Amino acid sequence: PKRARTRAQLLASAAREIAEGGYDRLTIDNICQNAGLARGTFYLYFKHRSDIAVAVIRLFWAHVHVRRPRLKNAELKDRVAATNLYYLQNYAMNAGLLAGHAALLSERPDFALRQDRMNDLWSRRVAANFPSSRIDNDTKLLRARALVSMADELLRSIFTDRTPSLKHWADDPERLAQSLTDLWLRVAFDA
């Protein structure tokens with residue numbers, strides 16, 4: 001239907017705008033101009049630029065989630081390695097899109113809450129796979145959450161901020177993924 005096509009045009013245009021200029025430079029005028037639509041059309045679908053940015057980011061993460069590796073019968077180390085490489089590759093290919101994530105989190109408390117829930121769910125899945133029973137579940141969850149936060153911050157520094165002392169890691173994604181995997185496994189097996 002036409003309504004779905006128009007919404008898709010707006011979302012695609014916003015995704016390009018965010019990827020190229022970040023969320024801070026996202027404007028409704030540019031979204032509409034690049035989509036070939038009138039400015040008024042935007043407001044039939046979204047109230048504010050943050051609404052479309054949230055929709056774009058949610059679509060991105062939904063895509064990442066659906067396409068993630070599923071290796072239920074594989075060894076823990078193989079699952080961690082495959083997931084780290086997959087996540088890293090997606091982050092690297094979409095660094096521009098993800099650059100505006102922090103600004104959007106501070107502008108939209110509802111989005112920040114949703115992000116927190118998503119990170120909590122992911123951390124719970126990770127903690128449930130820690131093989132050791134030497135520590136309580138709450139501590140396992142905290143360790144898993146620390147790993148999730150550390151990985152996100154590190155990838156942001158490497159791919160989005162291009163931090164001078166770390167940006168060379170962007171040229172060797174397999175080595176970066178293996179280093180992250182080693183850290184994850186160290187925490188998991190020392191848990």
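**Helix packing, a cavity and a pocket**

Helix α1 passes helix α2 in a right-handed crossing (the near helix is turned clockwise from the far one by less than a right angle; anticlockwise would be left-handed). This is a predicted model, in which local features need pLDDT of at least 70 and side-chain atom pairs count only at pLDDT 80 or more, while totals for chains, interfaces and linings use all residues. Residues are numbered from 1 along each chain as its sequence is written, and side-chain values use heavy atoms, with hydrogens and water left out.

The protein chain has 10 helices and zero strands (DSSP runs numbered from the N terminus, H or I of at least four residues for helices and E of at least two for strands). From the N terminus on, every element in the order is therefore an α, as the run α-α-α-α-α-α-α-α-α-α shows. Taken along the principal axes, the C-alpha atoms of the protein chain fill a box of roughly 60 × 35 × 30 Å.

Two packed helices are described by the angle and the distance between their axes. For α1 (residues 2–21) and α2 (residues 28–35), the axes come within 8 Å and cross at roughly 120 degrees (lines fitted to C-alpha atoms over the stretch in contact, with angles from 0 to 180 degrees between N-to-C directions). The two helices α1 and α2 are therefore oblique to each other (under 35 degrees is roughly parallel, over 145 roughly antiparallel, 65 to 115 roughly perpendicular, and the rest oblique). On the α1 side the contact is made by Q9, L10, S13, A14, R16 and E17, and on the α2 side by N30, I31, C32, N34 and A35 (heavy atoms within 4.5 Å). These contact residues of α1 and α2 divide into five nonpolar, four polar and two charged (Ala, Val, Leu, Ile, Met, Phe, Trp, Tyr, Cys and Pro are nonpolar, Asp, Glu, Lys and Arg charged, and the others, Gly among them, polar).

A second helix pair is α5 (residues 76–93) with α9 (residues 137–160), whose axes come within 10 Å and cross at roughly 40 degrees. The helices α5 and α9 are therefore oblique to each other, and their crossing is right-handed. Y87, L88, Y91 and A92 of α5 make the contact with D152, L155, R156, F159 and T160 of α9. Of the residues in the contact of α5 with α9, six are nonpolar, one is polar and two are charged.

Next come the spaces within the model. The structure holds one cavity of 30 Å³ or more (points on a 1 Å grid over the protein atoms alone where a 1.4 Å probe fits but cannot get out; lining residues have an atom within 4 Å of a point). The largest cavity has a volume of about 40 Å³ (the space filled by probe spheres set on points joined across faces, edges and corners). Its lining consists of I57, R58, W61, F111, R114, Q115 and M118. Helices α4 (49–67) and α8 (109–128) each supply at least two of these lining residues, and α8 gives the most, with four. By type, the cavity lining divides into four nonpolar, one polar and two charged residues.

The largest pocket contains about 1,500 Å³ of space (an open set with protein on both sides within 12 Å along at least five of seven lines). It is lined by 50 residues, of which R68, T83, Y87, W122 and V148 are the closest to its centre. Y87 also belongs to the contact of α5 with α9. Helices α4, α5, α6 (95–99), α7 (101–107), α8, α9 and α10 (173–190) each supply at least two residues of the pocket lining. Here α8 gives the most, with 11 residues. The pocket lining divides into 28 nonpolar, nine polar and 13 charged residues.
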